[in-house]
Amino acid sequence: MSDTPEAIYVGSETGNPDHKLYFDLKWGNRHGLIAGATGTGKTVTLQDLAEGFSNAGVPVFMADVKGDLSGICQPSEMQDFLVKRAEIIGLEDYKPSAFPVCFWDMYGKQGHPVRTTISEIGPILLARMLELNDTQEGVLNIAFRLADEEGMLLLDLKDLRALLISMHERASEISSTYGNVSKQSVGAIQRSLLRLEDQGGDKFFGEPALELKDLMRTDMDGRGYINILAADELMNSPRLYATFLLWLLAELFEELPEAGDSTKPKFVFFFDEAHLLFDDAPKALMEKVEQVVRLIRSKGVGIFFITQNPADVPDNVLGQLGNRIQHALRAFTPKQQKGIKQAAETYRENPKFNVADIITELGVGEALVSTLEGKGSPSIVERVLIRPPTSKLGVASAEAKRMALQADGVGAKYDTTNDRESAYEVLQKRAEKAAEQAEKAQEEAAKAKPAKRKSNRQGVGEAAVKSIVRSMSSSLGRTIAREIIRGVMGGLKR
């Protein structure tokens, strides 16, 4: 027997195919953990759960860290080991099937571009992404406040960079109103922006920004879309990866209405390489993560963390993960042995075996499974042989991905970048206007002076201003002019 309308078929007890294990969908918003050493079967388990939620009409979002999840858009190739696994666990109706998939890629190479705006991500997450210290984060907060009060949109990196240049020039004025804005802090933020841009982070900021409704869709057969974020390249920038996924969770929390109790979740989110979210995270960010994980279930959203060891997840978060699938762990060091003992203590004991011993003995594709049942209490832990997925294991063919991208219905909306007027253009116009006023003031000053003798030579100030104005005719010139025009005007006032 496969999935039912109320539950996802996880697998059968090892050695007892008649004892089948199901995950009740009504507990899908109570979060979960998939843990285990490399090569023990975590990816297959993730794929199985994604298929089960999709079959139940629940949209899914997951990051493809190793580049081997795209095959979900194609039917299984029914390899011998998969067919044998199905026979062992008594899965009689094992048939290949493909699932509705929407591919996304922050860099726009392997899927539709994923974007948000500088304003939407906010100063706290952006500061983490830029790895700023407390002082620099304070200056970034002032930048956001200034943009808001002066009516300037912060959409992409060039908007923020232009605003920081303006703040650098107006440091004394801004400091008297908002607090100290040192030129050193502004410069440090600019350098961090440059590093982020070198990592490709500039492609993440802009419009059209991702709308959550485009992730939470079902196909014509009522199956939930499986949204796959290509993260193999993104993993080279782990701070960017973790911050993006946290932003997505925060957006879900803020935008979705309260859901109350339901027979199934509205949306399920799989966070692979979960330790990246918590590594070196400042206290303020950790509190934000804990709050979102604790409260987002009331919005009908379930989160599954995938990591090698449960110890990678902080206790305050781990305690909220009621559904657990634990693949094999290795015990080569005293620290690893201690971690196994701690992991074993979190399960409701099964008199048939010792959990701490079994964790190290599990074979590939086996796992210890404990899910919520009854009134929300954890079930007795069972040793389970995980069912084989019905979609293709591994990478999808180029043709299958191309067809999925054409058929998902969102390409026309996201594949082309929009660049409307925002802070960069506003500040650019201010610079042009200032240059015009400076030139006019120079001309009026020249007319007011008595004519001594004719000369074809221009004054130094006049030549400088005219040079600036001429430079406004090119995009590069406008950028240069914006940085130096205030210095020229200051000289004229003195």
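**Exercise 1.** Which backbone oxygen lies 2.9 Å from a polar atom of the side chain of glutamine 320? Place the residue and describe its surroundings.

*Solution.* This is a predicted model: local features need pLDDT of at least 70, side-chain atom pairs count only at pLDDT 80 or more, and totals for chains, interfaces and linings use all residues. Residues are numbered from 1 along each chain as its sequence is written, and side-chain values use heavy atoms, leaving out hydrogens and water.

Step 1. Find the loop between helix H11 (315-318) and strand S10 (323-326); glutamine 320 sits there. Helices (H or I, at least four residues) and strands (E, at least two) are DSSP runs, numbered from the N terminus.

Step 2. Name the oxygen. It belongs to the backbone of asparagine 316.

Step 3. Check the cover. Glutamine 320 counts as buried because its relative accessibility is 17%. Buried means under 20% relative accessible area, exposed over 50%, and partly exposed in between (1.4 Å probe, protein chains only).

Step 4. List the contacts (heavy atoms within 4.5 Å). Leaving aside residues up to four places away in sequence, glutamine 320 touches Arg30, His31, Glu290, Val293 and Arg294.

**Exercise 2.** Which residues of S8 are buried on one side, and which on the other? Then find the strands that pair with S8.

*Solution.* Step 1. Locate strand S8 at residues 267-272; six of its six residues are buried.

Step 2. Recall the rule. In a regular strand the side chains alternate between the two faces of the sheet.

Step 3. Sort the residues. Phe267, Phe269 and Phe271 lie on one side, with Val268, Phe270 and Asp272 on the other.

Step 4. Find the partners. Two strands pair if DSSP finds at least two bridges between them. Strand S4 (residues 60-64) runs parallel to S8, with three bridges. Strand S9 (residues 301-307) is also parallel to S8, with six bridges.

Step 5. Look at phenylalanine 269. Opposite this residue stands phenylalanine 61. In S9, its bridge partner is isoleucine 303.

**Exercise 3.** How many bridges join strand S1 to S14? Treat S11 in the same way.

*Solution.* Step 1. Find S14 at residues 382-386; four of its five residues are buried.

Step 2. Take S1 (residues 7-13). Three bridges join S1 to S14, and the two run antiparallel. Glycine 11 has isoleucine 386 as its bridge partner in S14.

Step 3. Take S11 (residues 366-370). Four bridges join S11 to S14, again antiparallel. Glutamate 366 stands opposite leucine 385.

Key:
A polar contact is a pair of N or O atoms within 3.5 Å; within protein, one must be able to donate a hydrogen and the other to accept it, and residues adjacent in sequence count only if both atoms are side-chain atoms.
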